[in-house]
Amino acid sequence: MIKIWCSISSHGYGHAGQIIPILNELAKIIPDVEVIFRTMVPGEFFEHKLQVKWVLQEGQQDIGCLQRGPLEIDIEGTWKAYHQFHQGWTEKVKKEAEAIGKSEVDLVISNISHLGIAAASEAGKPAVAIASLSWDRILGYLGPLQSDWQQKILLCIQEAYAKTSHLIRLYPGIDMPAFPRTSNVGPSFLNCPSRVADIRKILSLNSEDQLVLVAFGGVPFTRFPLNGLQSLTGYHFIVSGISVPDSFSRISCWERLNVPFLEVLSQCDIVLTKPGYSTMVTAIHYGIPIVYVRRDNFLEESNLVEYAHQYGRAYELTRGDFESGSWEPALNRVRDLPLPLVPPPQDGPRQAAEVLETFLRS
C-alpha cells in the first residue's frame with residue numbers, strides 16, 4: 001500500500017480539481033494507492049470523481065485570497081488573514097508534521113500549501129508540489145507591500161516552497177521561481193462522466209434555447225443580475241449558490257437539479273465564468289465555448305485568457321455588462337466564433353502521474 005498525504009488549498013475548488021485527475025491517472029500506474037486529503041474542501045467535492053481509496057482530514061492549509069464575491073479580492077482582509085495564520089508558525093508546522101508522521105505516508109503532495117511542504121520537511125518526508133500558481137507570486141501581484149511583516153510572510157512562504165523535492169507545473173501556469181526543481185506538464189482537466197440525466201429534458205427547454213452554465217467556483221456572489229437574465233430570450237441559465245424565485249422561468253439552480261456538476265457542464269452550450277483554472281481548462285478540453293469576466297489583479301488570469309483564445313472559443317464580458325445583466329451580445333458573439341485550429345494539449349494528468357511515480361518507486 002502506497003500512502004499519500006495531499007495538502008490542498010481551499011481557495012475555491014480549483015486546486016482540488018487539478019489534483020483529482022492526476023491521482024486517477026496515478027492509480028492506473030500504481031493501483032494500490034491510498035490518499036489522505038488534508039484540506040477544508042468539503043468531502044462531497046471528491047465524491048464520484050476519484051478512483052483511488054481516500055479519506056478526508058479537515059485542516060486549514062493556507063489562506064489563498066479572501067474575496068468579496070468571486071470577482072473581487074479583499075486585499076486588506078487577505079493580508080490580515082495571513083498575519084493571523086502565521087501566528088505561532090513554528091508550533092503550527094510541528095503539529096502538522098506530527099500528523100503526517102502518525103499517518104505513515106510515503107509522499108506529501110501540496111497544491112499549493114506552504115504549511116504542507118514545511119511540515120513534510122519537518123517530518124522527514126519528500127514533498128512534491130503540483131500547481132499552476134504559487135501564493136507568494138499571487139500575493140506579490142496584489143500591490144506594493146505596506147509593512148515589514150508582509151515581506152516576512154512572503155519570505156516564509158518562499159522558504160517553505162524551496163524545501164520541495166519537485167514542482168510539477170501545470171500548463172498554462174505562471175512561473176514559480178521559489179521552487180528549486182520543476183517539471184512542466186500539460187493541463188490538468190476533470191473528466192466529465194457519461195450522461196445519465198438529460199438536463200434539457202429535466203428543465204423542459206425548447207430545442208432552440210441555449211443552455212448556459214454560470215460557474216464562478218465556490219465563492220458566493222454578493223449581487224447577481226437575475227432580472228436581466230430573465231429577460232434574455234433564447235437562453236436558459238443554470239446558477240449555483242443563488243436564490244432564484246420560482247417565477248423566473250429562464251434561470252435554474254444547480255442545487256435543485258440533483259445532477260453532478262461535471263455532468264451539467266458536459267451538456268451545456270456555453271460556460272460563463274471567471275478565468276479560473278479548473279472550469280476554464282475543463283470546458284476548453286470538451287470544446288465548450290467560454291464567456292469570461294476578468295478579475296484583473298489575479299496574476300494567473302492572463303495565462304488562462306491566452307490559453308482560452310488559443311485552444312477554445314472565448315469572448316470577454318466586461319465587469320459592467322456582467323453586473324448589469326447585459327450578457328446577450330457576448331453570448332451571441334461567442335457562438336459565432338470559429339473552431340480553433342489546434343486542439344488543446346491532452347496528456348497533463350498522465351505526465352504528472354509519471355513524475356509522481358518516480359518518487360514513489362524510489
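Me: Before we look at α4 and α5, what does contact mean here?
Reply: Contact means heavy atoms within 4.5 Å, and helices are DSSP runs of H or I with at least four residues, numbered from the N terminus. This is a predicted model, in which local features need pLDDT of at least 70, side-chain atom pairs count only at pLDDT 80 or more, and totals for chains, interfaces and linings use all residues. Residues are numbered from 1 along each chain as its sequence is written, and side-chain values use heavy atoms, with hydrogens and water left out.

Me: OK, which residues in α4 meet α5?
Reply: Trp89, Lys92, Val93, Glu96, Ala97 and Ile100 in α4 meet a set in α5 that includes His114, Leu115 and Ala119.

Me: And at what angle do those two cross?
Reply: The axes, which are lines fitted to C-alpha atoms over the stretch in contact, with angles running from 0 to 180 degrees between N-to-C directions, cross at roughly 70° and come within 8 Å for α4 (residues 89-103) and α5 (residues 114-123). The two helices are therefore roughly perpendicular, a term that covers 65 to 115 degrees.

Me: Switching topic, which residues touch the most other members of the largest nonpolar core?
Reply: They are Phe37, Ile109, Ile130, Ile168 and Leu356, out of 65 residues, where a nonpolar core is a set of buried Ala, Val, Leu, Ile, Met, Phe, Trp, Tyr and Cys residues joined through side-chain atoms within 4.5 Å, and buried means under 20% relative accessible area (1.4 Å probe, protein chains only). Helix α1 (residues 14-29) gives the largest share of this core, eight residues.

Me: What does Leu356 touch?
Reply: Leaving aside residues up to four places away in sequence, Leu356 touches Ile22, Leu26, Leu107, Ile109, Val128, Ile130 and Ile168.

Conventions:
Buried < 20%, exposed > 50% of the residue type's maximum accessible area, 1.4 Å probe, protein only. Parallel < 35°, antiparallel > 145°, perpendicular 65-115°, else oblique.
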